[in-house]
Amino acid sequence: PLLQKTADARVVCLTSVAHREALTADWEELNSKTVEASYASSKLAMALFAFELVNRTGLLAAAVNPGAVASDIWRYMDGRRGVYAAVHGWVQRSLMLTPEQGSATSVYAATAPLPKGECVYASPYAEWPLFPHASDYVCPFNGPTLRRADEKAYDRAAQQRLWEWSIGKCEQWLP
């Protein structure tokens, strides 16, 4: 209610291009154990949540892909040696966004005028008409760009299922 009373209040959900790879929306299964599909499905959940939040509350909301960022997220690879580590280091230095570039889309979503009554999907990459899906991965930095999310993010039934499932999981802490 406080957000709804606050002019231009908005919610920015950090998703990822990985939302396009989600194979399951079985939230109960994914909540019970971490599996290979968990990351992509969690990023789809963030997009679904953003879209449903707008539908239920009318708040401004954005689902944001920060892009492939050369950041500390890759720390789990610190122990890797050899060719794999060398290639990944080259990829980080040559193809990935800087942390400043990676944060630009989130900052934009948090501060720019957004269309009321609809959720937007923002990416740091321009959409290539012939390759809309592929152009949301690792491309030249374009600056914050409003794009179309994967079709799964627009599934109203999936948005509602996630919302209701989440309410059930959080019930004990809700007023």
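The questions and answers below go through the strands, helices and charged residues of this predicted model.

Q: In which sense, parallel or antiparallel, do strands β2 and β3 pair, and which residue of β3 is the bridge partner of V64?
A: Strand β2, which covers residues 60-64, pairs with β3 over four bridges, and the sense of this pairing is parallel. Looking at one residue within this pairing, the bridge partner that V64 has in β3 is A122.

Q: Which residue of β4 is the bridge partner of Y121?
A: Strand β3 is also joined to strand β4, residues 145-147, by three bridges, and these two strands run antiparallel. Within β4, the residue that serves as the bridge partner of Y121 is R147.

Q: How many of the residues of strand β3 are buried, and which of them lie on the side of V120?
A: In a regular strand the side chains alternate between the two faces of the sheet, so one can ask about each face separately. Strand β3 spans residues 119-123, and five of its five residues are buried. On one side C119, Y121 and S123 are buried, and on the other side the buried residues are V120 and A122.

Q: What distance separates the first and last C-alpha atoms of helix α3?
A: Helix α3 has 20 residues, and at 1.5 Å a residue a span of 28 Å is expected. The reach from its first C-alpha to its last is close to that expectation, at 27 Å.

Q: Which residue just after α3 takes a positive phi, and which residue other than glycine has a positive value?
A: Most residues other than glycine have a negative phi. Just after α3, a positive phi of about 80° is taken by G58. In the loop between α1 (2-5) and β1 there is a residue other than glycine whose phi is positive and near 60°, and this residue is D8.

Q: How far from K43 is the nearest side chain of opposite charge?
A: K43 lies in helix α3, residues 38-57, and, leaving out residues up to four places away in sequence, K43 touches L14, T15, S16 and H19. K43 is buried yet has no salt bridge, and the nearest side chain of opposite charge, that of D136, is away by 13 Å.

Q: Is H19 buried or exposed, and what is its relative accessibility?
A: H19 lies in the loop between β1 and α2. Apart from neighbours within four places in sequence, H19 is in contact with A40, K43, L44, Y121, A149, D150 and K152. Because buried means under 20% relative accessible area, H19 counts as buried, with a relative accessibility of 0%.

Q: Where are the buried residues of α6 placed around its axis, and what arc do they cover?
A: The 15 residues of helix α6 (residues 156-170) should span 21 Å at 1.5 Å a residue, and the end C-alpha atoms are indeed 21 Å apart, which agrees. The buried residues of this helix are A158, Q159, L162 and W163. They lie on the same side of α6, because the arc they cover around the axis is only 135°.

Q: Which helices are included in what covers the buried residues of α6?
A: The buried residues to be covered are A158, Q159, L162 and W163. What covers them includes two helices, namely α2 (27-32) and α3.

Q: How many residues apart in sequence are the parts tied together by D136 and R20?
A: The side chains of D136 and R20 meet in a salt bridge, with N to O at 3.1 Å. D136 lies in the loop between β3 and β4, whereas R20 lies in the loop between β1 (10-14) and α2, so the pair ties together parts whose separation in sequence is 116 residues.

Q: Which residues are linked with R20 and D136 in a network of salt bridges?
A: E127 and R147 meet through their side chains in a salt bridge of 3.5 Å, N to O. E127 is in the loop between β3 and β4 and R147 is in strand β4, so this pair ties together parts that are 20 residues apart in sequence. E127 counts as partly exposed at 37% relative accessibility, while R147 is buried at 9%. The residues linked in the network with R20 and D136 are E127 and R147.

Terms used
Residues numbered from 1 in each chain as written. Predicted model: local features only at pLDDT ≥ 70, side-chain atom pairs only at ≥ 80, totals over all residues. Heavy atoms only, no water. Buried < 20%, exposed > 50% of the residue type's maximum accessible area, 1.4 Å probe, protein only. Pairing = 2+ DSSP bridges. Lys, Arg positive; Asp, Glu negative; His and termini not counted. Salt bridge = Lys/Arg side-chain N within 4 Å of Asp/Glu carboxyl O. Contact = heavy atoms within 4.5 Å. Expected span 1.5 Å × (residues − 1). Arc of directions from axis to C-beta.
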